[in-house]
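Me: Got a minute to go through a model with me? I'd like to start with the overall layout and then get to the holes in it.

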Amino acid sequence: MQNTQYDFGLIGLGVMGRNFILNVADHGFSAFGYDLDREKVDALKEEGGDLNRVDATQDLATFVQALGSPRKIMLLVPAGKIVDQVIDQLLPHLDQGDIIIDGGNSFFTDTDRRDAYLSEKGIHFFGSGVSGGAKGARRGPSIMPGGNREAYEHVRPIFEAVAAKFQGEPCVAYLGPKSAGNYVKMVHNGIEYAMMQLTSEVYDLLHRGAGLSNDELHQVFDSWNKGRLQSFLVEITAEIFLKEDELGNGRLVDMILDKAKQKGTGKWTSQNAMDLGIPVPTIDMAVSMREISALKADREKADALYSHPEMPALDKEELISLSEQALYFAFIISYTQGLHQLAAASKEYGYELNLSQIAKIWRAGCIIRAGLLTDIAEAFEAKPELENLLLAPGFVEKVQGTLDAVRKTTQLAIAGGIAMPGLLTTISYFDAFSSGRLPLNLIQAQRDHFGSHTYERIDREGIFHTEW
């Protein structure tokens, strides 16, 4: 190690951490890493090359002493107790004004707890969501920091340099106090769950329902990615259909077991949306479908017990057109639900979130990046108080033009026994949200009947109860 005061420190030199610290070094900042694993330390040194700009150690005291003041230390370690353990190990070596940045997917209430704990000791704490996976960490992720606004200025030059760029604008911004950054990243992941589920449903309808081959599916998704569905998820989906199976014959996608795993961020989004009273049923269903997929043995037993309808004869080109419109609609609704939750959380938790700004930093680098986000950013910039995207004038026409196709697509899926719960939930959400009258009057009558829970009337003010 050179006698240098390094600009940036990073703890956790796995693939994600190593790529992020190399990204920092690539942009002219000296960076010092720490990990208990000698192989990971050596891997960073080997890949870093220029030891005047990037180095690493297994000794925590050496690591902290090498950093310039105020120290800027990022943690890329698994969420949970490990974060607390690392913080406690760091504290004896830190000075007031130093900055700890949690770059993992920590639950937002844990971030609030850590922020309060460290604030008492004069240490600044940031929960900073990082999206884009290992490749994004190396080439430019979307970064979502929340914490002390003044302290962020020490981190801002580094984050703006390493973040993905959209038309020259860095995909990072100070989002708000406390756990604002972790909360935004949590909802980002909830939207990601929804978009992945919806994409898989359209794939299933085209593949099993209309018999499209993997080559045809590649062509369809590749063409969609050149249009209004341009997005990271559509782009990689097109690539997936071409990947050959290196361990067998044919395409790899056909050999992958249909059990999707999860790390919990989608579930957190759903749970907290319920706490806030905000409907996010597409995200809820995406979480549920991963849980259903895990029941592989039971699904196979049920498959053998029940008869299945034959798929009606379909015109491939017509179904491709219908599916494109349905997926476009469903992507809009996925963003709508997530951003509605962010608007409510901002008020509840005092985040003061700027939804236009959030849409902008999602335009590149992150998993849910898409061309749609430019229009979304403009909608919230034009009307900052907007809470639900379906009320934005610019989106009424976009949605209206897809509705017939969505209804036809879901009807075909039901007729052919193709499960599309995400799309069905999405159109039901739209129909409910855009209905001035719902049958919940009956629910209130039932509640009053069995529990004297009272009700309101449509023709006069007041709270009423009836002896039924």
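Reply: Sure, what follows is a quick run through domains, annotated sites, the cavity and the pockets. Keep in mind that this is a predicted model.

Me: OK, which domains does the assignment give for the protein chain?

Reply: The assignment splits the chain into domain 1 (8–174), domain 2 (185–434) and domain 3 (439–467). The C-alpha centres of domain 2 and domain 3 are 37 Å apart.

Me: And where does UniProt put the "active site" feature?

Reply: At Lys-185 and Glu-192, according to the UniProt record, which is an unreviewed entry. Of these residues, Lys-185 is part of the lining of the largest cavity.

Me: Where does Lys-185 sit, helix-wise?

Reply: Lys-185 is in helix H8, which covers residues 180–209. Glu-192 lies in H8 as well.

Me: Buried or exposed, that Lys-185?

Reply: Buried, because its relative accessible area is 5%, and the cut-off for buried is under 20%. Glu-192 has a relative accessible area of 16%, so it also counts as buried by that cut-off.

Me: What is Lys-185 in contact with, leaving aside its neighbours within four places in sequence?

Reply: Asn-105, Gly-129, Val-130, Ser-131 and Met-144. For Glu-192, again not counting residues up to four places away, the contacts are Ile-367 and Ile-368.

Me: Back to that cavity. How many of 30 Å³ or more does the structure hold?

Reply: One. The largest cavity encloses about 40 Å³ of space.

Me: Which residues line the largest cavity?

Reply: Gly-104, Asn-105, Ser-106, Asn-182, Lys-185, Met-186, Thr-265 and Trp-268. By class, that lining has two nonpolar, five polar and one charged residues. Asn-105 is worth a second look: this lining residue also turned up among the contacts of Lys-185.

Me: Which helix gives the most to the lining of the largest cavity?

Reply: H8, with three residues. Helix H11 (265–276) supplies at least two residues too. In domain terms, domain 1 and domain 2 each provide at least three residues of the lining.

Me: Switching to pockets. How much space lies in the largest pocket?

Reply: About 2,000 Å³. The largest pocket has 48 lining residues, and those nearest its centre are Ser-200, Tyr-203, Leu-257, Asp-258 and Lys-259.

Me: Which helices supply at least two residues of that pocket's lining?

Reply: Among them are H8, helix H10 (232–240), helix H12 (281–293) and helix H13 (296–305). H8 gives the most here, with 12 residues. The lining has 23 nonpolar, 10 polar and 15 charged residues.

Me: And the second largest pocket, what volume does it have?

Reply: About 1,000 Å³. The second largest pocket is lined by 38 residues, with Val-77, Pro-78, Gly-104, Asn-105 and Lys-263 nearest its centre. Gly-104 and Asn-105 are familiar names, since they also appear in the lining of the largest cavity.

Me: What does H8 give to the lining of the second largest pocket?

Reply: Six residues, the most of any contributor. Helix H1 (15–26), helix H4 (81–90), strand E6 (124–131) and H11 are also in there with at least two residues each. By class, the second largest pocket's lining counts 16 nonpolar, 15 polar and seven charged residues.

Me: Last one: why does the second largest pocket lie between domain 1 and domain 2?

Reply: Because both domain 1 and domain 2 give residues to its lining.

Notes: Residues are numbered from 1 along each chain as its sequence is written. This is a predicted model: local features need pLDDT of at least 70, side-chain atom pairs count only at pLDDT 80 or more; totals for chains, interfaces and linings use all residues. Side-chain values use heavy atoms; hydrogens and water are left out. Domain bounds come from an automatic or database domain assignment. UniProt positions are given in the numbering used here, feature names are shortened, and annotations may be inferred rather than shown by experiment. On a 1 Å grid over the protein atoms alone, a cavity is a set of points where a 1.4 Å probe fits but cannot get out, and a pocket is an open set with protein on both sides within 12 Å along at least five of seven lines; lining residues have an atom within 4 Å of a point. Helices (H or I, at least four residues) and strands (E, at least two) are DSSP runs, numbered from the N terminus. Buried means under 20% relative accessible area, exposed over 50%, partly exposed in between (1.4 Å probe, protein chains only). Contact means heavy atoms within 4.5 Å. Grid points are joined across faces, edges and corners, and a volume is the space filled by probe spheres set on the points. Ala, Val, Leu, Ile, Met, Phe, Trp, Tyr, Cys and Pro count as nonpolar, Asp, Glu, Lys and Arg as charged, and the others, Gly among them, as polar.
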